[in-house]
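Colleague: I am new to this protein and would welcome a guided discussion. May I put my questions to you one at a time?

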Amino acid sequence: MSQDTRQEMSPEMIDEKSRASLWFRDLRNQIVTAFEALEDSQSTGPFADLSAGRFEVTETKRSSDDGSDAGGGVMSVMRGGRVFEKVGVNISTVYGELGERAQMAMAARKGIPGMKDDPRFWAAGISLVAHMQNPHTPAVHMNTRMFWTPHAWWFGGGSDLNPCIEYAEDTEAFHAVQKHHCDRHDPNYYPRFKEWADEYFYVPHRGRARGVGGIFFDDHNTGDWEADFAFTQDVGRAFLPAFLGATERRRDTPWTEADKDTQLVHRGLYAEYNLVYDRGTKFGLETGHDANAVLMSLPPMAKWV
């Protein structure tokens, strides 16, 4: 990384970090509002008689080893809704010092020069996972984040679709929205980040992908913070139009017990990936974040055969 991007806490970076943290909160509010509206609009199907789902909101706190404040966030979880069986939309802004194991859990920034001497860090982001009532409606994951140390800063994140019963129309439409938002910034972003998602969301011990992919990026620093932040915002903005289309098409599709069984088995695959391979899960646990918030991604029910 060039010297000009290895920065101490300049006044500009303080402002940039505040803007990023506020954006993740605003995106969370947009998604929560849209999901509760979707619950209100569900008037048919086997879950229509249930009360429309609402998010339970819990503040999370994190402490340093000496007991001092180390940030926290907001965990928002909806369970047992008409459309969503379980969905979590979490935001956090955390800071402190990275221990050796936490440094090793970082995705693409292992061995940052100077990190051992000055292990301070700051991170903010949003993380979302939705598990659906109807097996024909795909599960989905999205997260975006900003990370800062005195030695480097970068953005990361992405969004990927995880149907247990795949529809080519849904896959194509989801990827088209991702591509459109990537192309607004660089025509090379979508093919590059799609390939990265295909590699990242692969489950080696099962020899298959977790879902039908999407985009994934990490260690994203072009040297232009404004441009990289704008791109990260657009990844977040792409989420609702990409996901809600498939949800609207499939939420009233009749399903059988065999379909539900297929969903539960696929959820087992999802749980395996998140517990064994997911870097965000490892990093959250290693840095002492609230375990319930870190493990929010796990499905409410799953099955192994």
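Colleague: Which helix has the lowest mean pLDDT among the elements of the protein?

Modeller: This is a predicted model, so each residue carries a confidence score from 0 to 100. Among the elements, the highest mean pLDDT, 98, belongs to helix α3, residues 168-183. The lowest mean, 64, is found in residues 100-105, which form helix α2.

Colleague: Over which residues is the pLDDT below 50?

Modeller: In the model, the stretch concerned has 20 contacts beyond near neighbours in sequence. The pLDDT is below 50 over residues 1-7.

Colleague: What pLDDT does the protein average?

Modeller: A score of at least 70 is reached by 90% of the residues. The average for the protein is a pLDDT of 89.

Colleague: How many helices and strands make up the secondary structure, and what is the radius of gyration?

Modeller: The secondary structure comes to eight helices and nine strands. For 305 residues the globule rule gives 19 Å, and the protein is close to that value, so it is as compact as a globular protein of that length. Along the principal axes, its C-alpha atoms fill a box of roughly 60 × 45 × 35 Å. The radius of gyration is 19 Å.

Colleague: What percentage of the residues count as buried?

Modeller: A residue counts as buried when its relative accessible area is under 20%. Of the 305 residues of the protein, those that meet this criterion make up 54%.

Colleague: What share of the contacts with a separation of 6 or more comes from residues 24 or more positions apart?

Modeller: The contacts considered here are those in the protein with a separation of 6 or more. Within that group, residues 24 or more positions apart account for 71%.

Colleague: Which element gives the most to the lining of the second largest pocket?

Modeller: The second largest pocket has a volume of about 210 Å³. Of its 16 lining residues, Arg 25, Gly 72, Gly 73, Val 74 and Thr 93 lie nearest the centre. The elements that give two or more residues to this lining are α1 (11-41), β1 (56-63), β2 (69-79) and β3 (84-97). With five residues, the element that gives the most is β2.

Colleague: How many residues of that pocket lining are polar?

Modeller: By class, the lining of the second largest pocket includes four nonpolar and four charged residues. The polar residues number eight.

Colleague: From which element does the largest share of the lining of the second largest cavity come?

Modeller: The model holds two cavities of 30 Å³ or more, and about 100 Å³ of space lies in the second largest. Of the 13 residues lining this second largest cavity, the closest to its centre are Ala 139, Asn 162, Gln 263, His 266 and Arg 267. Two elements, β4 (120-132) and α6 (257-276), give two or more residues to the lining. The largest share, four residues, comes from α6.

Colleague: How many residues of that cavity lining are nonpolar?

Modeller: The lining of the second largest cavity contains five polar residues and one charged residue. The nonpolar residues number seven.

Colleague: Is Thr 137 buried or exposed?

Modeller: Thr 137 is placed in the loop between β4 and β5 (139-149). Leaving aside neighbours within four places in sequence, Thr 137 is in contact with Met 132, Thr 247, Arg 250 and Arg 251. The C-alpha atoms of Thr 137 and Arg 250 are separated by 5.1 Å, although these residues are 113 apart along the chain. The relative accessible area of Thr 137 is 4%, and this is under 20%, so Thr 137 is buried.

Colleague: What is the phi of Asp 219?

Modeller: Asp 219 lies in strand β9 and is partly exposed, with a relative accessible area of 29%. Its C-alpha atom is separated by 6.0 Å from that of Phe 155, 64 residues apart along the chain. Asp 219 is not a glycine, yet its phi is positive, at about 55°.

Colleague: What is the relative accessible area of Gly 223?

Modeller: Gly 223 is in the loop between β9 (213-220) and α5 (225-250). The C-alpha atoms of Gly 223 and Trp 154, 69 residues apart along the chain, are separated by 9.2 Å. Gly 223 is partly exposed, and its relative accessible area is 41%.

Technical notes
Residues are numbered from 1 along each chain as its sequence is written. This is a predicted model: local features need pLDDT of at least 70, side-chain atom pairs count only at pLDDT 80 or more; totals for chains, interfaces and linings use all residues. Side-chain values use heavy atoms; hydrogens and water are left out. Contact means heavy atoms within 4.5 Å. On a 1 Å grid over the protein atoms alone, a cavity is a set of points where a 1.4 Å probe fits but cannot get out, and a pocket is an open set with protein on both sides within 12 Å along at least five of seven lines; lining residues have an atom within 4 Å of a point. Grid points are joined across faces, edges and corners, and a volume is the space filled by probe spheres set on the points. Ala, Val, Leu, Ile, Met, Phe, Trp, Tyr, Cys and Pro count as nonpolar, Asp, Glu, Lys and Arg as charged, and the others, Gly among them, as polar. The radius of gyration is taken over C-alpha atoms; the globule rule is 2.2 Å times the number of residues to the power 0.38. Buried means under 20% relative accessible area, exposed over 50%, partly exposed in between (1.4 Å probe, protein chains only).
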